[in-house]
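User: Please take a close look at one part of this model, the aromatic cluster and the core around it. Before that, tell me how far the prediction can be trusted.

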Amino acid sequence: MARRRTFVWAATLALLAGCATPWDVDSYQAPDGNVTARHTFYFKGGDFGSPVSIDQAVITTATSRVRAAVVSELTRSGYAEVDSAAAADMVVSFQVAGTQRIVPSDARRIGAPSATTVLSPSAIQPPPASYVPREMRVRDGSVLIFIDDRESGRLLWRGAVTEETRSGSTEQGVRVIADMAREIARQVPARAVSVK
């Protein structure tokens, strides 16, 4: 059962395997947040939400890779990581969420009549009353990065990417989540350098 759950989660994790990046990042900055005037941050960690239970090893690996990606980008933007929230100007966290929905499939049925047969007036027949349209399961995956003010807990900046997911391996899914987190962290405004 655990193996099945890991596979289902892997399908949820495999976000846009093989598609072009960067992703379209939706970001928000609080009007009076002034992120660029801050110097230090503490990486708090994050949460995973999914329609199925998630293997703890997958969560640990994904958290480690998201952390490495976010810390790397924030450091490149001029911010310094510190070891505790008490010593930081900002607290950084993340959330990974997966949802699924059922939509009618547009795949052509095997053995369906040709278009010329269907379009001839004498050949048009309504589908039987018991006919149920084919459906397909669509998964949407989201990665969000939050930057909060350490003192007040107020949101300073938020970035998010939401995309349709596709099946793939757990390793591939974790890698793509980390890449999405890196792309979000790249959108954080660089720290302002004071000139003396």
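Analyst: Residues 3-20 have pLDDT under 50 throughout. For this stretch the model has 49 contacts beyond four places in sequence. This is a predicted model, and those contacts belong to a stretch with pLDDT under 50. Helix 1 (residues 2-13) has the lowest mean pLDDT among the elements, 47. Strand 3 (residues 80-81) has the highest, 96. Over the protein chain, pLDDT averages 79. A score of at least 70 is reached by 65% of the residues.

Now the aromatic part. There are 2 aromatic pairs. In one, the ring centres of Phe43 and Phe94 are 6.0 Å apart. Their planes meet at 20°, so this pair is stacked; the cut-off for stacking is under 30 degrees. Phe43 sits in strand 2 and Phe94 in strand 4, so the pair ties together parts 51 residues apart in sequence. Phe43 has a relative accessible area of 8%, so it counts as buried, the limit being under 20%. Phe94 is buried too, at 2%.

Phe94 also pairs with Phe48. Here the centres are 5.7 Å apart and the planes stand at 80°, which makes the pair edge-to-face. Phe48 belongs to strand 2, so this pair links parts 46 residues apart in sequence. Phe48 is buried, as is Phe94. Together, Phe43, Phe48 and Phe94 make one aromatic cluster.

Next, the core. The largest nonpolar core has 33 residues. Val70, Val92 and Ile145 have the most contacts inside it. Several elements give two or more residues to this core, including strand 2 (40-49), helix 2 (56-76) and strand 4 (90-104). Strand 5 (135-149), strand 6 (155-164) and helix 4 (170-186) do so as well. Nonpolar side chains in soluble globular proteins tend to be buried together.

Follow Val70 to see some of the links. Leaving aside residues up to four places away in sequence, Val70 touches Phe43, a member of the aromatic cluster. Val70 also touches Val92, Ile145, Ala181 and Ala185.

Helix 4 also holds Glu183. Glu183 is buried, with a relative accessible area of 10%. Its side chain makes a polar contact of 3.5 Å with the side chain of Gln187.

One last spot is Asn34. Asn34 is in the loop between strand 1 (26-29) and strand 2. Its phi is positive, about 50°, although Asn34 is not a glycine. Most residues other than glycine have a negative phi. Asn34 is partly exposed, at 45% relative accessibility.

Definitions and conventions
Residues are numbered from 1 along each chain as its sequence is written. Side-chain values use heavy atoms; hydrogens and water are left out. A nonpolar core is a set of buried Ala, Val, Leu, Ile, Met, Phe, Trp, Tyr and Cys residues joined through side-chain atoms within 4.5 Å. Buried means under 20% relative accessible area, exposed over 50%, partly exposed in between (1.4 Å probe, protein chains only). Helices (H or I, at least four residues) and strands (E, at least two) are DSSP runs, numbered from the N terminus. Contact means heavy atoms within 4.5 Å. A polar contact is a pair of N or O atoms within 3.5 Å; within protein, one must be able to donate a hydrogen and the other to accept it, and residues adjacent in sequence count only if both atoms are side-chain atoms. pLDDT is the predictor's confidence in each residue, from 0 to 100. Rings of Phe, Tyr and Trp (its six-membered ring) pair if their centres lie within 6.5 Å; planes under 30 degrees apart count as stacked, over 60 as edge-to-face and the rest as tilted.
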